[in-house]
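Thanks for making the time this morning. I would like to walk you through one structure, and I will ask you to keep the view open while I talk.

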Amino acid sequence: MNARAADEQKVALVTGGSRGIGRAVVVRLARAGYDVAFTFRQDAESARATAAEVTGSGRRAFYRPVDACDEKEVAGFAAGAREEFGRLDTVVASAGITGALGWDAVSSEEWRSVFETNLVGQYWAVRTTASDLKKTRGSVVLVASIGGLTAYPEQVAYAAAKAGTISLARSLAFALAPEVRVNAVAPGWVRTDMTAGLYDEPRARAAIVRGIPRGRWGEPDDVASAVVFLASDGARFITGETLVVDGGNVLSWRAGRRR
Ligand SMILES: NC(=O)c1ccc[n+]([C@@H]2O[C@H](COP(=O)([O-])OP(=O)(O)OC[C@H]3O[C@@H](n4cnc5c(N)ncnc54)[C@H](OP(=O)(O)O)[C@@H]3O)[C@@H](O)[C@H]2O)c1
């Protein structure tokens with residue numbers, strides 16, 4: 001690669017990139033021409049498979065196990081990615097977990113881990129990379145959920161954390177302006193390991209589809225496609241926004257038909 005080409009090579013950092021939506025984002029970004037640094041928590045085999053897709057697209061991959069909640073680990077990973085690739089254009093914070101089902105079933109430990117992973121970890125991902133993004137006039141995409149926009153009584157901690165993500169995108173859009181754009185995506189039901197319990201249960205799966213005007217569950221790539229758009233120059237005048245990617249599901253929630 002000559003010096004000019006190296007200067008133009010874009011780089012993305014994705015948290016929770018080993019599986020599900022994060023993995024689809026990593027793969028799409030690589031196909032769009034980015035070298036990609038991504039984190040995972042413990043599933044090294046999935047992380048290796050994701051990295052192989054990146055290198056199969058002719059791009060470079062850098063991946064490490066990092067607890068998204070741990071400021072020092074996140075900062076160490078960002079430093080490693082900086083050393084490996086020399087620049088950073090896009091950060092996507094996708095690492096996330098759900099908690100116990102039932103509004104009154106959440107322990108204080110679970111409140112903490114759900115908030116720290118889904119919300120505080122996103123803040124660390126941005127905080128530790130903001131100076132890199134300012135240099136390249138880059139962008140951030142945070143992964144929220146329609147649960148943070150409406151009501152999700154089965155997962156109160158998760159929904160509150162995702163509402164926090166939407167708020168975080170708005171505040172950071174000002175804090176990092178004018179150089180860096182910060183947006184969120186709010187997926188609806190997407191077929192991943194996180195939702196396998198419902199997807200694998202035929203009645204629950206069908207009940208959910210009845211509330212989705214597009215008539216199917218989302219696929220991880222449906223969300224990745226929106227993320228890559230928000231990261232791109234095509235979204236150059238969009239910041240502080242939350243893009244709902246749910247096949248229209250949120251409309252039926254508003255109409256009083258959650259499923
Ligand atoms: N699936 C849905 O219907 C849906 C809907 C709305 C929003 N979302 C959001 O989309 C994002 C991705 O969800 P998904 O469905 O793709 O989940 P998933 O398939 O369970 O994948 C979760 C990913 O996050 C990583 N992760 C979890 N905790 C972590 C931690 N503490 N530190 C670092 N990485 C961590 C996992 O790493 P390991 O592989 O090592 O475990 C994995 O890569 C989440 O923020 C989720 O809330 C999902």
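**The ligand shell and strand β6**

Let me begin with the ligand, where the largest share of the surrounding shell comes from α2, which gives 3 residues. Please bear in mind throughout that what you see is a predicted model. In total, 32 residues surround the ligand, and the closest of them are Gly16, Gly20, Asp43, Gly96 and Thr192. If you look for the elements involved, α2 (20–31), β2 (35–40) and α5 (108–127) each contribute at least two residues to this shell. As for its chemical character, the shell is made up of 15 polar, 12 nonpolar and 5 charged residues.

Now let me turn to strand β6, which spans residues 181–187. Is this strand mostly covered or mostly open? It is mostly covered, since 7 of its 7 residues are buried. Arg181, Asn183, Val185 and Pro187 point to one side of β6, while Val182, Ala184 and Ala186 point the other way, and all of these are buried.

Which strands pair with β6? One is β5, residues 139–143, which pairs with β6 in the parallel sense over 5 bridges, and within that pairing Val141 has Asn183 of β6 as its bridge partner. Between these two strands, the chain passes from β5 through helix α7, residues 156–175, and on to β6, in a β-α-β crossover that is right-handed. The other is β7, residues 242–245, which runs parallel to β6 and is joined to it by 4 bridges; there, Ala186 stands opposite Val244.

Conventions: Residues numbered from 1 in each chain as written. Predicted model: local features only at pLDDT ≥ 70, side-chain atom pairs only at ≥ 80, totals over all residues. Buried ≥ 20, exposed ≤ 12 C-beta atoms within 10 Å, placed from the backbone. Pairing = 2+ DSSP bridges. Right-handed = clockwise from strand over helix to strand, strands pointing away. Near = placed C-beta within 6 Å. Nonpolar A, V, L, I, M, F, W, Y, C, P; charged D, E, K, R; others polar.
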